[in-house]
Amino acid sequence: MLQHGPLLERLLAGDFICKITDEDAYRHLSLEQTQQDINHYLRPLNRRLVSNDDHSVYFLGYHELNKDAREQLSSQFALTVQSLLPLLEWLQLVQETMGRDSALTAGDTIKLQEFVLRTEDNQSLRQRLSQLASDRFFNSQSEQLDSQVKQIFRRLKEHGYLLQPHAERQYYIVTGKIDYLIDVIRFIRDEEHLPVEDTPTQEALL
Amino acid sequence: MAPLDSANTSSNLFSIGAERLALLGKHHKQLMQGYLDGFIDESAFSEGALKKLIAARILWRPDEQQPLALRPLVSELIASMVADENRRQINADVAEKLEQIRNRVQAYRDAQYKGDYSVAELQLQRLTEHVHDLSGQFEEAIDSLWHRLNSDFGFVSSLDDKIRENERAQKQLRRLLDGLDLLDFTELIELSEGNNHLRKLLVSQLQSQLSSHHSSLLEVQKRLVELLAKFRQQQSRSLLIANMAAFLRQHPKYQPADYPNRSEVPTLFNQAASIKPHAAIALDNASERQTLAELVRALPRHTPVTLLDTQSANFSALLQDEEIAARQQALKTDVENFYLRVIDQGGKLSALSYLEQQALTWDSEIWLYQIIAEYQALPVDEKAMFAMLREEAPASDFNSLLLIRDISISLQAA
């Protein structure tokens, strides 16, 4: 187990492990033997390895759902639900600002400076960004575009949606936690039968 | 007769072909511009040049009303040369080529039978060209498909267009594969029976080329299907994001079911609280003593500064009583306000008139003392900013001790 020490530490700290955040660790986690080893090790801590539907991201969940665990899950879930709209709006904003024809996926790179430059001269993008920055998930108090953007990206980094490979360089890589977010949305949509379509043909019919 | 004739036509063909190819080179810039614009700017050419280009079947007028344009075959040639996937065409017609090959084989055999060896030679030459054309046709198509695949269909901008282009490429690919199926090697073996040249050309050479084309096509097909799946996934993801965001905006109070308290918590929402493992050196472990000792030695050494025990008057120490301390602080604040007023006003300000004006309750003597004390306490450069004027008078006619009646502070220009 010693070889997985750093990985266990990251998992215990609540990190999401994907191909982007730690390729080696991710490869290890994809092996069934490692999964068993880690689950065995985590058993006394009431933790187990959990992944999303297509196994693109791994994180820790509770092994046994006692009262404390459920309380923690409830508050975690409330946070997740609260962050859905700001995150979705951010995804849309980035897609539109950068002129991309598809949504952000794990591994995509965003240059902060480019994002600021493209937003700067566009009044409507600026307004949307400033509204988004003041959302309580991002919680920016600033009026300055530059610091609003920085605050947004800092919060996304804290929440594990973005990875900043060099502390001094302002470029970010989207992590696999975005896949998790999409899975959560899809799950809620399916479970609650929300009228939210994701196939173009049906949209065209509407 | 026949060889002479063909030599004549071929020399004629040669001169006309060379002349017309030269036309392409002579007007290359204008023609390329025409390719990009979709029509020809007639003012860029002289009357004679236009006539020549039309006669050479390089330009044509599709309709009376339309401007001149490049002939489709010329456009196709350029598209293939510059790998312009928007305009490049794939020719999947195998049946026609096969028919030509059959005819040429027949003509070749007839000529051989008649003993007309020069004609046979010529026919064999044409047959070789047809076989190469057939193989080249697949090669060109495969090159175009790979090119499109490797650029992720980057020549169209929107995802919808990419999906449409991918579907078009898959249809072309199916036609190519169908075309390959038309090639029946038992037939080709029969055709080439008893002739080494034909067997080499039609069987061993063509077969190995076509089988490599076949496997290339299958690989391209696999990749196209994968890419299409990726495109579709991206498309559905974009739509999901847009539609869910719209839904949440329309229903700001929306709250999903309480998944964490279901009997079966969905794995997605089973996200445990973080644990941060801490560790320290084990003091009971003898083998770690060395490490511990090194760590301790590496700690920055604290050198105690011995302060001389100076006897000094300590004003605040006397003020043990909280009330007195508070009063002292209030007095200090009022004096500071006085100095601030001096700065604001700019002119001379008398301490006692300020005291009266502000209706402060301090004893006038204490007030003056505090103002002097504050003045003395200022740093040297700040002290220079203020000028202190004492209003003094002798204690009595016989005592020349000067008593301070009032103090005026004024701001001094730096």
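Helices and strands here are DSSP runs: at least four residues of H or I for a helix, at least two of E for a strand. The model is predicted, so keep that in mind as you work through the exercises.

**Exercise 1. Get a feel for chain A: how many helices and strands does chain A have, and what share of its residues is buried?**

Start with the elements. Chain A comes to nine helices and six strands. Next, look at burial: 33% of the 206 residues of chain A count as buried. Then check how far apart in sequence the touching residues sit. Take the chain A contacts with a separation of 6 or more; 51% of them join residues 24 or more positions apart.

**Exercise 2. Work out the strand order of the three-stranded open sheet in chain A, and say which strands are at the edges.**

Go pair by pair. In chain A, β2 (residues 47-51) and β3 (residues 57-62) run antiparallel to one another, with five bridges. A:Leu49 faces A:Leu60 of β3(A) across that pairing. Now the other pair: β1(A) joins β3(A), again in the antiparallel sense, over two bridges. Here A:Cys18 is opposite A:Val57 of β3(A).

Put these together and the order in chain A is β1-β3-β2. The edges are β1 (17-18) and β2 of chain A, since each pairs on one side only.

One more stop, at the hairpin of β2(A) and β3(A). Five residues lie between its strands, and A:His55 has a positive phi near 55°.

**Exercise 3. Find the residues with the most contacts inside the largest nonpolar core, then list what A:Ile17 touches.**

The largest nonpolar core holds 53 residues, and A:Ile17 and A:Ile152 have the most contacts inside it. Now zoom in on A:Ile17 and skip its neighbours within four places in sequence. That leaves A:Arg10, A:Leu11, A:Asp22, A:Ala25, A:Tyr26, A:Leu29, A:Val57 and A:Tyr58. Another core, of 12 residues, lies apart from this one; its members include B:Ile101, B:Val105, B:Leu201 and B:Leu202.

**Exercise 4. Sort the faces of helix α2 of chain B: which residues are buried, and which are exposed on the face turned away?**

First pick out the buried residues of α2 (residues 28-37) of chain B: B:Leu31, B:Gly34 and B:Tyr35. They cover an arc of only 100° around the axis, so they fall on the same side of α2(B). As a rule of thumb, an α-helix has 3.6 residues a turn, so residues three or four places apart point the same way.

Turn to the face away from the buried side, and you meet the exposed residues B:Lys29, B:Leu36 and B:Asp37. Just after the helix, B:Gly38 takes a positive phi of about 90°.

**Exercise 5. Where is B:Leu68, and why does B:Leu68 count as partly exposed?**

Place it first: B:Leu68 is in the loop between β1 (59-60) and β2 (69-70) of chain B. Then count neighbours. Buried takes 20 or more and exposed takes 12 or fewer; B:Leu68 has 18 C-beta neighbours inside 10 Å, so B:Leu68 is partly exposed. Leaving out residues up to four places away in sequence, B:Leu68 touches B:Phe39, B:Ile40, B:Glu42, B:Leu59 and B:Arg61.

**Exercise 6. Describe the side of chain B that touches chain A: which helix gives the largest share of residues?**

Count both sides: 37 residues of chain B are in contact with 46 residues of chain A. On the chain B side, helix α9 (residues 196-250) gives the largest share, 15 residues. By type, the chain B side splits into 21 nonpolar, 13 polar and three charged residues.

Key: Residues are numbered from 1 along each chain as its sequence is written. Chains are lettered from A and ligands numbered from 1 in the order in which they are written. This is a predicted model: local features need pLDDT of at least 70, side-chain atom pairs count only at pLDDT 80 or more; totals for chains, interfaces and linings use all residues. Two residues are in contact if their C-beta atoms, placed from the backbone, lie within 7 Å. Ala, Val, Leu, Ile, Met, Phe, Trp, Tyr, Cys and Pro count as nonpolar, Asp, Glu, Lys and Arg as charged, and the others, Gly among them, as polar. Two strands pair if DSSP finds at least two bridges between them. A nonpolar core is a set of buried Ala, Val, Leu, Ile, Met, Phe, Trp, Tyr and Cys residues joined through C-beta atoms within 7 Å. The arc is that of the directions from the helix axis to the C-beta atoms.
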